[in-house]
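Let's take a walk through a protein model together, one region at a time. Keep the viewer open so that you can follow along.

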Amino acid sequence: MKRIGVVFVLLACFIFLCGSDAIAHFGGIVPSDDIITQEDDKAITLNVRFFHPMEGGYMEMEKPVQFGVMLMGKKQDLINTLKQRKIEGFSTWDIVYKITRPGDYTFYVEPKPYWEPAEDCFIIHYTKVCVNALGLEEGWDEELGLETEIIPLTRPYGLWTGNVFTGVVKVKGQPVPYAEIEVEYYNEEGEINPSADPYITQVIKADKNGVFTYCMPKAGWWAFAALNEASWTMKDPDGNDKPIEIGAVYWVRTRDMK
Ligand SMILES: [Cu+2]
């Protein structure tokens, strides 16, 4: 009896994992630096990608629908400065951006919808990262007006390991009560070996005002992906209407206190 019970539990786990997002995809904008000082090189590089931060492995990313930066409330379209770069055989997009003025530079991307047969849906991850430059801390809390976005309530740079990151999840400018947020550490060197699947992707929920909080236990880059379903559908390759997962993704970096 006991053994049958164990088999059932294992089977249930297996079905559950396959049905859910066992391997979480994340939109990514990874900048070469998150705080640019007077002494730093003013040309930063950013890599735009679609990948699995904790486990590694990329997905193909077509040229995005939009890519740009917002500084002091003004958006600048940078889509035509993206250069394709293959990593592990998959398309990613590089940009070299020259910082000219002080302030908070929020880079953002809207990718082309990605058809994911394993989840029977399309995926669009609206992704943002903020780079602070030349001592002026202004602009990081501004809304860009994307279909969905995380608006930081914690200043998203100058974070220590162990600090919390707090933000509000919005869709069409409105907070999403109890939104689900997936969190992953960018395991760049591959030195983290999660002992079980739940350690790969952390899962948290926002409160009734769409506000979430997560404490980051390690130095490095962290990705937050708030996942919702789009109000529209798209045709899959067979011509059937399929739902679209819209993700609001935000990247922050922590450093050890030394
Ligand atoms: Cu994937």
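The tour below begins with confidence, goes on to the metal site and the cavity, and ends with a handful of individual residues.

Before anything else, bear in mind that this is a predicted model. Its mean pLDDT is 93, and 91% of the residues reach 70 or more. One stretch stands apart from those figures: over residues 6–21, pLDDT stays under 50. For that stretch the model has four contacts beyond four places in sequence. Where pLDDT is low, the predicted coordinates should not be read in detail.

Now turn to the copper ion. Which protein atoms act as its donors? They are ND1 of His-25, NE2 of His-52 and SD of Met-59, at 1.9 to 2.1 Å from the ion. Read along the chain, these donors follow the spacing H-x26-H-x6-M. His-25 sits in the loop between helix H1 (2–19) and strand E1 (26–31), while His-52 sits in the loop between strand E3 (43–51) and strand E4 (58–59), so the two histidines tie together parts that are 27 residues apart in sequence. Are these two histidines, His-25 and His-52, buried or exposed? Both are buried.

Next, look for enclosed space. How many cavities of 30 Å³ or more does a search of the whole structure find? The search finds one, and the volume of the largest cavity is about 40 Å³. Its lining is made up of Met-70, Leu-71, Met-72, Gly-73, Asp-104, Thr-106, Gly-139, Glu-142 and Leu-144. Two strands, E5 (66–71) and E9 (103–110), each supply at least two residues of that lining. Sorted by class, the lining has four nonpolar, three polar and two charged residues.

From the cavity, move to the loop between strand E11 (121–133) and strand E12 (148–152), where you will find Leu-134. Its phi is near 55 degrees, a positive value in a residue other than glycine. Leu-134 has 17% relative accessibility, so it counts as buried. Tyr-178 also has a phi near 55 degrees, again a positive value in a residue other than glycine. You can find Tyr-178 in the loop between strand E15 (174–175) and strand E16 (180–185).

The loop between E11 and E12 also holds Glu-143. With a relative accessibility of 36%, Glu-143 counts as partly exposed. Leaving aside neighbours within four places in sequence, Glu-143 is in contact with Met-70, Glu-149, Ile-151, Lys-170 and Gly-173. Met-70 is one of the residues that line the largest cavity. For a sense of distance, Glu-143 and Gly-68 are 75 residues apart in sequence and 14 Å apart in space, C-alpha to C-alpha.

Stay in the loop between E11 and E12 for Glu-147. Apart from neighbours within four places in sequence, its contacts are Tyr-126, Lys-170, Val-171, Lys-172, Ser-231, Trp-232 and Ile-246. Lys-170 is thus a contact of Glu-147, and Lys-170 is in contact with Glu-143 as well. Between Glu-147 and Tyr-126, which are 21 residues apart along the chain, the C-alpha separation is 7.8 Å.

Step back into strand E11 and you meet Val-131. Is Val-131 buried or exposed? Val-131 is at 0% relative accessibility and therefore counts as buried. Not counting residues up to four places away in sequence, Val-131 touches Pro-31, Asp-33, Asp-34, Ile-36, Ile-44, Gly-103, Asp-104, Tyr-105 and Phe-107. Among these, Asp-104 also appears in the lining of the largest cavity. Asp-33 and Val-131 are 98 residues apart along the chain, with their C-alpha atoms separated by 7.3 Å.

Our last stop is Thr-100, in the loop between strand E8 (90–98) and E9. A relative accessible area of 60% makes Thr-100 exposed. How far apart in space are Thr-100 and Asp-256, C-alpha to C-alpha? They are 29 Å apart in space, and 156 residues apart in sequence.

How values were computed
Residues are numbered from 1 along each chain as its sequence is written. This is a predicted model: local features need pLDDT of at least 70, side-chain atom pairs count only at pLDDT 80 or more; totals for chains, interfaces and linings use all residues. Side-chain values use heavy atoms; hydrogens and water are left out. Donors are N, O and S atoms within 2.8 Å of the metal (3.2 Å for Na, K and Ca); water is not among the atoms, so sites may look incomplete. Helices (H or I, at least four residues) and strands (E, at least two) are DSSP runs, numbered from the N terminus. Buried means under 20% relative accessible area, exposed over 50%, partly exposed in between (1.4 Å probe, protein chains only). On a 1 Å grid over the protein atoms alone, a cavity is a set of points where a 1.4 Å probe fits but cannot get out, and a pocket is an open set with protein on both sides within 12 Å along at least five of seven lines; lining residues have an atom within 4 Å of a point. Grid points are joined across faces, edges and corners, and a volume is the space filled by probe spheres set on the points. Ala, Val, Leu, Ile, Met, Phe, Trp, Tyr, Cys and Pro count as nonpolar, Asp, Glu, Lys and Arg as charged, and the others, Gly among them, as polar. pLDDT is the predictor's confidence in each residue, from 0 to 100. Contact means heavy atoms within 4.5 Å.
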